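The following exercises concern a single protein chain and are to be worked from its sequence and coordinates. Each task is followed by a solution set out in steps.

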Amino acid sequence: MDGSVIPTAVLRNLSDKLYEKRKNAALEVEGIVKALAAAGDHDKITAVINLLTTEFTFSPQANHRKGGLIGLAAATVGLTSEASQHLEQIVPPVLNSFADQDSRVRYYACEALYNIAKVVRGDFIVFFNQIFDALCKLSADSDANVQSAAHLLDRLVKDIVTESDQFSIEEFIPLLRERMNVLNPYVRQFLVGWITVLDSVPDIDMLGFLPDFLDGLFNMLSDSSHEIRQQADSALSEFLQEIKNSPSVDYGRMAEILVQRAASPDEFTRLTAITWIYEFVKLGGDQLVPYYADILGAILPCISDKEEKIRVVARETNEELRAIQVVPAEGFDVGAILSIARRQLSSEWESTRVEALHWISTLLNRHRAEVLNFLNDIFDTLLKALSDPSDEVVLLVLEVHACIAKDPQHFRHLVVFLVHNFQDDNSLLERRGALIIRRLCVLLDAERVYRELSTILEGEADLDFASIMVQALNLILLTSSELAGLRSLLKQSLVNPAGQDLFVSLYASWCHSPMAIISLCLLAQTYQHASSVIQSLVEEDINVKFLVQLDKLVRLLETPIFAYLRLQQSAAFKILRTRLKTVPPSSFSGEQMKQTSSGNSYSQILHHMPSGSQVIEDGDVNHDANVHNGINFASRLQQFEHMQRQHRMHSKSSQAQSRNNSTSYSSSKEVQRPEEARRPMPTSEMNKPPSRSSRRGPGQLQV
């Protein structure tokens, strides 16, 4: 039947190697189909299409396949308005030919589909996804002629889609989403082109589906091709403008994408992402509440970005986000925000750490109860931050700690952990001790801080650390402007119950250091007790460390802090000053110190003080001044002497242990290398005075 419809000569020419013969044969087919359509004989039309498909388009011969494609296009032209009912037969074999191994066949497939599309127009939409998929692949074809033909077909299909009311964006989006991760530059251009075209159609809601392909567009911002980056940026800019003008946008899904892209290694991608986040924070409202933690996690690193534009936008976004007032009941996750801030405290960038602390502080001020519920999660990190190399960070950490410590139980917790931190980190007390203590005194009340520190240190088992810590606290007390009020209160220890109570409270832990006790007594104007403390010191107390501290005290007596003391003319002070000046300065050599501590004992230095007497402030001698205005000085002296005995025992034990270790080590060395171990030490080395650096124990502060 088919042969009788299409003459044999026509079929032969349809598969000829010459294009002109195939073209003429196709015109014959067009006329035959047109006649059949006029007669309404659709069965024969179906038979003709089947013949062209099975015998030609699926033929192993390339010229047959070319003829089949041109024949199907000719048949469609012949059907004109009635072509739609035969498209299910016509289009699939043409689409199949797009994957043909012969580039000329692929070219003719583009040409055939172009001619078919021109005839059927809107009816063509039913095959849109398949056509789009085929065109997507052809856009990256290895043959330039095929690419050119595909571009012509692509433009026609775009025209058809923009004027059609049958296009289904819902069915198309999954295919687009799948293709968006392709890296080929030609495919990327093809995809951006389609996104832009579809977004321009008023009846197609591309914005509603933006979350499905937004990540793909951001991915293109880092393409090696400037043109592709520009096209992607243009598309994104258009969408952002639409978002600003749209009453309904799915911010949440897109926020997740933007957060990821804000960490991109590509600078342009980061800038675009953070710009979008900024707009989202301003526009998103309640929709973004569940995503605040993720957004903050993206913003904080960008605050320290190497690119200034990114830093500026990140800071503006951070301020916008922090200005929004929300409550946990609305889905605001305080714990998640705290977790992000805690994580960013480990950032290598100071600006990021600073802003993380500002967030913790903000949350404490707004949602104190909720933050305290998560205190165990952040407290250790906040303590470690006290060792931060940045002073600004340390000061902010202290503000956060002070805010937490408004509650008594948290105050105790803070001070205990702070002391432990000083103990664990030998350099922290020396580097940051004064800064930390002074700031806490301002934020939490100096008297409260010092009382708590004294209580903790009074029972400290590590006597060496306790001594160093007390010396540091004493120096801060004597020299810091922030503690002027505390000094004023202590000066009234003999006349004011509050001053007396504070003096007794500090005395207990100040006993760890003779110089600290003497300083405290001078500050409290209990001069006769200071003399008693000095008298109680025995020869073995007079060592290098003692003399170093004494030297500091002597120098402190000349500072404005003790101006009142120098002006006083009491007999007690005159005697004390004279005796302190007789002590050799710390700059003496080790031999001189040795002579001082042995040949010129402290009992000799204090020989002017009558035995068993006390000198009170007005210069009169009073043999019964053990208790003054509620302060039992005799008991205090016993307390000091008891503590010093503990220190001496500890020191002897440590020295014995050191000698044992040294002996064991020497024995071991003698066994291994006897000739070296027995070599005598040079006399110059034995008499060499201690180095200046060795005179300051770990954590000691210098005046």
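The sulfur of Cys-521 has its closest cysteine sulfur in Cys-511, at 9.1 Å, which is too far for a bond. The model examined here is predicted.

**Exercise 1. Determine how many disulfides the structure holds, and examine Cys-521 as a case.**

Step 1. A disulfide is a covalent bond between the sulfur atoms of two cysteines. The criterion applied is a pair of cysteine sulfur atoms within 2.5 Å.

Step 2. For Cys-521, the closest candidate is Cys-511, and the separation of 9.1 Å rules out a bond. Cys-521 counts as buried, because its relative accessibility is 0% and the limit for burial is under 20%.

Step 3. Cys-136 is likewise buried, with a relative accessible area of 3%.

Result. The structure holds zero disulfides.

**Exercise 2. Describe the overall composition of the fold in terms of secondary structure, burial and contact range.**

Step 1. The protein comprises 38 helices and two strands.

Step 2. Of its 703 residues, 51% count as buried.

Step 3. Contacts between residues at least 6 apart in sequence are considered next; 72% of them join residues at least 24 apart.

Step 4. An annotated segment offers a local view. An unreviewed UniProt entry lists residues 90-125 as "repeat: HEAT". In the model, this stretch is 69% helix and 0% strand, with its end C-alpha atoms 14 Å apart.

**Exercise 3. Compare the spans of α4 and α11 with the values expected at 1.5 Å a residue, and identify their buried residues.**

Step 1. Helix α4 covers residues 42-57, that is, 16 residues. From first to last C-alpha it reaches 21 Å, close to the expected 22 Å.

Step 2. Helix α11 also has 16 residues and should span 22 Å; its end C-alpha atoms lie 23 Å apart, which agrees.

Step 3. The buried residues of α4 include Ile-45, Val-48, Leu-52 and Phe-56. An α-helix has 3.6 residues a turn, so residues three or four places apart point the same way.

Step 4. In α11, the buried set includes Phe-190, Leu-191, Trp-194 and Leu-198, and also Arg-188 and Asp-199. Among the elements that cover the buried residues of α11 are α8, α9, α10, α12 and α13.

**Exercise 4. Find the number of aromatic pairs and classify two of them by geometry.**

Step 1. A pair of aromatic rings is described by the distance of the centres and the angle of the planes. The whole structure yields 19 aromatic pairs.

Step 2. Phe-132 and Phe-190 have ring centres 5.1 Å apart and planes at 40°, so this pair is tilted. Phe-132 belongs to helix α8 and Phe-190 to helix α11, 58 residues apart, and the pair thus links distant parts of the chain. Phe-132 is buried at 1% relative accessible area, and Phe-190 is buried at 7%.

Step 3. The pair of Phe-503 and Tyr-507 is also tilted, at 5.6 Å centre to centre and 55° between the planes. Both residues lie in helix α28, four residues apart, or about one turn of the helix. Both are buried.

Step 4. Phe-132 and Phe-190 also belong to one aromatic cluster, together with Phe-128, Phe-167, Phe-172 and Trp-194.

**Exercise 5. Identify which residues touch the most other members of the largest nonpolar core, and list the contacts of Tyr-450.**

Step 1. The largest nonpolar core has 228 residues, of which Phe-213, Trp-276 and Tyr-450 touch the most other members. Helix α26 (residues 463-479) gives the most to this core, with 10 residues.

Step 2. Leaving out residues up to four places away in sequence, Tyr-450 touches Ile-437, Cys-441, Leu-473, Ile-476, Leu-477, Leu-483, Leu-486, Leu-506 and Trp-510.

**Exercise 6. Contrast the settings of Leu-414 and Ser-234: which is buried, and which is partly exposed?**

Step 1. Leu-414 lies in helix α23 (residues 408-424), whereas Ser-234 lies in helix α13 (residues 226-245).

Step 2. Leu-414 counts as buried at 2% relative accessibility; Ser-234, at 48%, counts as partly exposed.

Step 3. With residues up to four places away in sequence excluded, Leu-414 touches Phe-379, Leu-383, His-401, Ala-405, Leu-440 and Leu-444. The C-alpha atoms of Leu-414 and His-401 are 7.1 Å apart, at a sequence separation of 13 residues.

Step 4. For Ser-234, the C-alpha distance to Thr-196 is 9.1 Å, across 38 residues of chain.

How values were computed:
Residues numbered from 1 in each chain as written. Predicted model: local features only at pLDDT ≥ 70, side-chain atom pairs only at ≥ 80, totals over all residues. Heavy atoms only, no water. Expected span 1.5 Å × (residues − 1). Buried < 20%, exposed > 50% of the residue type's maximum accessible area, 1.4 Å probe, protein only. Core = buried A, V, L, I, M, F, W, Y, C linked by side-chain atoms within 4.5 Å. Contact = heavy atoms within 4.5 Å. UniProt positions renumbered as here; feature names shortened; annotations may be inferred. Phe/Tyr/Trp six-rings, centres within 6.5 Å; stacked < 30°, edge-to-face > 60°.
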